[in-house]
Each structure stands twice: as structure tokens, then as C-alpha cells.
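Trainee: I'd like a close look at one part of this protein, the open sheet and what packs around it. Could you walk me through it?

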Amino acid sequence: MILPIYVYGSEVLRETAADVDVAGLDKEQLRKYIDDMFETMYHADGVGLAAPQVGDGRRILVVDGRDVTDVYPELKDFKRAMVNPVVVEESEETAEYSEGCLSVPDIHCNVVRPKKMTVRYLDADLKEVEETLDGFACRMVQHEMDHLDGHLFVDRVAPIRRKMIAAKLHNIAKGKARTAYKTKLER
């Protein structure tokens, strides 16, 4: 099922997501929900989606880099669902890259992030995984993890750039964004 994507100005995007209570959790329901998140992300031509972006205040994210293998061939098998992800370690070395977001349509800005990180999470089967990510895979997961903490990529841009996009952000928050996918603005 394709879910509406909440856009800039929606309160759920600024809230810290709660850990998923896995005790007694219906694994089939979780898998179905994760499938819905992937379907929503694919429908919107995204490579990542966090639960707050579909109005859910739980710590769940999905990423799939297989559509960008023409630029990042190392992502040919990079498809992950992460429940309750936690950063274990981040590198001091950083990288800058232009990011966009399904919740902030038609805006792209350069963002500096750690180049490498180790993350621990539960997969869709609720098995614990710890892996080290670098390059674009790392960036994708960092971007989605920001959503779980109530942050958007535009919070990480240089102040002058933030001023330059202020009017666009204001319009999105007023419901004036045009997208090819279903969106929702809820305060």
C-alpha cells in the first residue's frame, strides 16, 4: 500500500521517534509495514524513507541503493530495512554531497556528513545486525536516521544557503509543493 509522504512543516518530522517495542510485536505486521514503506519510496522515486515521513513516530527506516548503481556500482546489493538503528561509531573524516528529500520536494543542498559509520539495528526479521557503511550507503542511512531524531537535511546546510531556500521552505510548509506522489501536511 502506498502511504502519503509528510512534507516540511508537518510536526511528525520534528519529533524524536520512539523505539519499536519488539516484545510481542507481530513480525508479519512489521514485514507488511516495511513492504509498504518500500513501495511508497519506490513510487516516489526515492532511495530512502523513514517512518516519520509517513506519519509514524517509530524508529524504522528503509533504504535501497540499487537504482543508483550507474553512479554507485557498490550499491548493487544494498537494500536494508532497519528497526531501532543506533550509530555505534562515526568517522572524523567527512564528505560533502548534494542531498534531496521526499519530505522537502524540489530542494537540493550540499550537506557535510561523516564519511563512514558503524550502525547497529534489527532487520525485518528482528535479528540484530551491526555493519560498517561508507560512501553513499552511509549517507543514505545517516539522512534517514536524522528523520528519526526530528532533523531534516536542510537543518545541516550553511546559514547563507538556508536563507536562500527560506521562501521555498515556507511554500512547502503552506502546502504549495507539487510532487508526482501523494503528500500530506499535518501540524
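To begin with the edge of that sheet, how many bridges join β2 to β3?

Mentor: Happy to! Three bridges join β2 to β3, and these two strands run antiparallel. One bridge partnership you can find on screen is that of G48 with V63 in β3. Before we go on, this is a predicted model, in which local features need pLDDT of at least 70 and side-chain atom pairs count only at pLDDT 80 or more, while totals for chains, interfaces and linings use all residues. Residues are numbered from 1 along each chain as its sequence is written, and side-chain values use heavy atoms, with hydrogens and water left out.

Now step back to the whole sheet. Its five strands come in the order β2-β3-β4-β7-β8, with antiparallel pairing, and the sheet is open (pairing takes at least two DSSP bridges; strands are DSSP E runs of at least two residues and helices H or I runs of at least four, numbered from the N terminus). The edge strands, β2 (48–50) and β8, each pair on one side only. On average, neighbouring strands of this sheet are turned by 40 degrees against each other, direction ignored.

Two helices lie across these strands. Helix α1 lies across β2, β3 and β4, running at about 50 degrees to β3 (angles run from 0 to 180 degrees between N-to-C directions of axes fitted to C-alpha atoms, for helices over the stretch in contact). Helix α2 lies across β2, β3, β4, β7 and β8, and runs at about 155 degrees to β3.

What fills the space here? The largest nonpolar core has 21 residues, and Y33, I34, M37, L49, I60, V62 and V83 are those with the most contacts inside it (a core is a set of buried Ala, Val, Leu, Ile, Met, Phe, Trp, Tyr and Cys joined through side-chain atoms within 4.5 Å). The elements giving two or more residues to this core are α1 (27–43), β3 (60–64) and β4, and α1 gives the most, with six residues. Try clicking on V62: among the residues it touches are I34, M37, F38 and M41, together with V47, G48 and L49, not counting residues up to four places away in sequence (contact is heavy atoms within 4.5 Å). The list for V62 also includes R80, A81 and E144. Apart from this core lies another, of 20 residues, among them V63, L133, F136 and A137.

Two residues of this region deserve a glance for their backbone. N84, in strand β4 (residues 79–90), has a positive phi of about 50 degrees although it is not a glycine. N84 counts as buried because its relative accessibility is 15% (buried is under 20%, exposed over 50%, partly exposed in between, with a 1.4 Å probe and protein chains only). L126 has a positive phi too, about 65 degrees, and is not a glycine either. L126 sits in the loop between β7 (116–122) and β8 (128–134), and at 18% relative accessibility L126 counts as buried.

Finally, go back to α2, residues 135–148, and look for Q142. At 5% relative accessibility, Q142 counts as buried. Leaving out residues up to four places away in sequence, Q142 touches E90, R113, P114 and M117.
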